[in-house]
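This report describes the architecture of the two chains shown below and the contact between them. It proceeds from each chain to its packing, and then to the interface.

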Amino acid sequence: MAKPFDIRKQTGFTPLAILCFVLLYLPIILLVVYSFNAGSSIALWEGFSLRWYASAWENEAVQAATIRSVVIASAASALATTAAVLAALATTRVKPWRGQGAVFAMINQPLMVPEIVTAVSLLIFFAMIKVQTGYTGLWYLILAHAAFCIPFAYMPIRARLQGMDLTLEQAASDLYATPWQTFRRITLPQLFPGILAGAMLAFVISLDDVVITEFVKSAGQDTLPTYMLGQLRRNITPEVNAISTALLAASIILVVAFFFLSRTRK
Amino acid sequence: MIAIENVTKIYGEGKSAFRALDDVSVTIKDNEFFTLLGPSGCGKTTLLRTIAGFVDPSSGSIRLGGKDILQSPPYKRPVNTVFQNYALFPHMTVAQNIAFGLEMLGKPKREVKATVEEMLELVRMTPMADRQTGQISGGQQQRVALARALAPRPQVLLLDEPLSALDFKLRKDMQLELKRLQTETGITFVFVTHDQEEALTMSDRIAVMNAGKIRQIGGARDIYDQPAERFVADFIGDTNFLDVEVLEITGDAARVRLAGGAETTARGAAEAGTGMGAATLATRPEHARLVPVGQGVMEGLLSQVVYFGTDTHYHVTLSDGAAFTLRQQNTPDMAHAFTQGDRVGIHLAPGVGQLLKD
């Protein structure tokens, strides 16, 4: 019998793999290391200190941007997840209908359209609304974030729905549960890990966004990423490293939680 | 009483249309253990799902206790289903699963609790009440599925091949258990299976289905002893089909001539409507006996002997080349021991072979 192709046995595989990992993670490791720098350079090590964490913690602009980011990410992921649950139900729990493929593509559209195009179109669209209504609040950002978060929330929810045993819903219906009761008592509890995973993914995506936020935000509506971008244009201090490291830690926690949620209770 | 009248279900359209049910009519009586038996794809499960409400028939009517139920969604029909894969709710305990139907019917809490306890007792699962459904064995899941479906006291219990996932020994036990439950509860059971033995041992009546049609309805004995057509004779048990010539008909009985020239008697002439001339005679392996050459109505070469413990199967190649199988019980005082390669005669019990149309 011929041996199966084993890519690990090819010459140069191990060095290449190590190189890839180094390129992926070395910059991040450096960023984290220099967030603990005692000096004010982001490239010259002058000893260990937590001063930049303290400085970021006390910086009122950082505080405001952080709160704004969390508010936007929470509201946007809640909206996106709700829409994604409805969309997932409509694309898995009904008889195939005309145009289903097109709708599926449209739900996932934000993944394919260049983000800059979405950003510019939203800028123009919201500008028109601002002129009409005079409203300049956070809702523009929340709605914009919700829109591009939908496909990220949609995918794990849809996957969970598709993997679900349809006879469970039939069994509930057979046992006198109305369609609503079946959804409430059977589908939703089963779907919950998928919903949570989708919401967390949407939250992380929203928290991280720069391009669309930069275009859509009004004056004084910096989120954490756009604040950091603004800082880079002035003087760069390890404070940016500290904020990045904190964001990284938050993301890792969410991603790990996402991983375990999508694995358990299958 | 379930009155199923002229129910047809067509899947697809035009050339690719498939008749899963083809003008099916049958009346299932109250308190009856009624079995739908047939090979896979014969329409038995479609018929069951039509009664449950998961399949809308293309035409026809189904009445339950005189009321047309086809317009009602599944959750308004007083029938419950035991699903093939049990479909237990994985996020609920055994007791919560059993309580589900009662809760949906809006029964008071005390009544739900009492009924759940009664059902747990009925299927002997009381110690497992608080287990998650993933923590119990297949046979136990089967019992929980039964209890869950019986708890709301449906007028009809529908069972979709519920024993097919169990191993042989457990299946035997559950067959007896199901029969006991049906007798104790007095609920009408409609049972779907492709296993003829299961059907024969449990049912009051059996409907044999093939290609979307009911081919024969009757008790186990009727169907086994007097198959209405070749498909039924072939599907239920083992059958030898012999080409014969009908010589004389008296009522249901007929005198026929076998291929070798010898004569015997058969039944089913009236039902099969064969008339004189060529016909097919169906005989069961246990209705024939091996005898020394010259003493039987047929002769052949004993080509294979298969020992099964309680009985032995003899495969004979008849003089005209056709295959014939006999089954004889192994008794300590077997008169004749025949061995492979012997020329043997075959004795047919007179009057028990069945004439078939076709």
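## Chain architecture

In sequence order, chain A reads α-α-α-α-α-α-α-α-α-α-α-α. The model is a predicted one. Chain A contains 12 helices and 0 strands, whereas chain B contains 9 helices and 20 strands. The table sets out the overall values for each chain.

| Chain | Residues | Buried | C-alpha extent along the principal axes | Contacts from residues 24 or more positions apart, among those with a separation of 6 or more |
|---|---|---|---|---|
| Chain A | 266 residues | 32% of residues | about 75 × 70 × 30 Å | 77% of contacts |
| Chain B | 358 residues | 40% of residues | roughly 75 × 50 × 35 Å | 65% of contacts |

## Helix packing in chain A

One helix pair of chain A can be described in detail. Helix 8 of chain A covers residues 166-174 and helix 9 of chain A covers residues 179-208. Their axes come within 10 Å and cross at roughly 140 degrees. At that angle, helix 8 of chain A is therefore oblique to helix 9 of chain A. The crossing of helix 8 of chain A and helix 9 of chain A is right-handed. On the side of helix 8 of chain A, the residues in contact are Leu168(A), Glu169(A), Ala172(A) and Ser173(A). They meet Thr182(A), Arg185(A), Ile186(A) and Thr187(A) of helix 9 of chain A. By class, this contact between helix 8 and helix 9 of chain A comprises 3 nonpolar, 3 polar and 2 charged residues.

## Strand pairing in chain B

In chain B, an open sheet of 4 strands has the order 2-1-4-5, and its pairing is antiparallel. Its edges are formed by strand 2 (18-28) and strand 5 (67-68) of chain B, each of which pairs on one side only. Strand 1 of chain B, residues 2-11, is joined to strand 2 of chain B over 7 bridges in the antiparallel sense. Within chain B, Lys9(B) lies opposite Leu21(B) of strand 2.

Further pairing in chain B involves strand 14, residues 277-283, which pairs with strand 11, residues 240-250, in the antiparallel sense over 7 bridges. Here Asn240(B) has Thr283(B) in strand 14 of chain B as its bridge partner. Strand 14 of chain B is also joined by 3 bridges to strand 20 of chain B, residues 353-356, and these two strands run antiparallel. Leu281(B) is placed opposite Leu355(B) of strand 20 of chain B.

## Helices of chain B

Is helix 1 of chain B largely enclosed by the rest of the structure or exposed, and why? Helix 1 of chain B spans residues 44-52, and because 9 of its 9 residues are buried, the helix is largely enclosed by the rest of the structure. The buried residues of helix 1 of chain B are Lys44(B), Thr45(B), Thr46(B), Leu47(B), Leu48(B), Arg49(B), Thr50(B), Ile51(B) and Ala52(B). Gly53(B), just after helix 1 of chain B, adopts a positive phi of about 105 degrees.

Helix 2 of chain B packs against helix 4 of chain B, residues 138-150, at an angle of about 30 degrees, and their axes are 7 Å apart. Helix 2 of chain B is therefore roughly parallel to helix 4 of chain B. The crossing of helix 2 of chain B with helix 4 of chain B is right-handed. Helix 2 of chain B contributes Val94(B), Asn97(B), Ile98(B), Phe100(B) and Gly101(B) to this contact, and helix 4 of chain B contributes Val144(B), Ala147(B) and Arg148(B). In terms of class, the contact of helix 2 with helix 4 of chain B has 5 nonpolar, 2 polar and 1 charged residues.

## The contact between the chains

Which elements of chain B give two or more residues to the side that touches chain A? In total, 16 residues of chain B are in contact with 15 residues of chain A. The elements of chain B that give two or more residues to this side are strand 6 (79-82) and helix 2 (94-104). Helix 2 of chain B provides the largest share of the side that touches chain A, with 3 residues. By class, the side of chain B that touches chain A has 11 nonpolar, 5 polar and no charged residues.

Note on methods:
Residues numbered from 1 in each chain as written. Chains lettered and ligands numbered in written order. Predicted model: local features only at pLDDT ≥ 70, side-chain atom pairs only at ≥ 80, totals over all residues. Pairing = 2+ DSSP bridges. Buried ≥ 20, exposed ≤ 12 C-beta atoms within 10 Å, placed from the backbone. Contact = placed C-beta atoms within 7 Å. Axes fitted to C-alpha atoms, helices over the stretch in contact; angles between N-to-C directions. Parallel < 35°, antiparallel > 145°, perpendicular 65-115°, else oblique. Left-handed = near helix turned anticlockwise from the far one by under 90°. Nonpolar A, V, L, I, M, F, W, Y, C, P; charged D, E, K, R; others polar.
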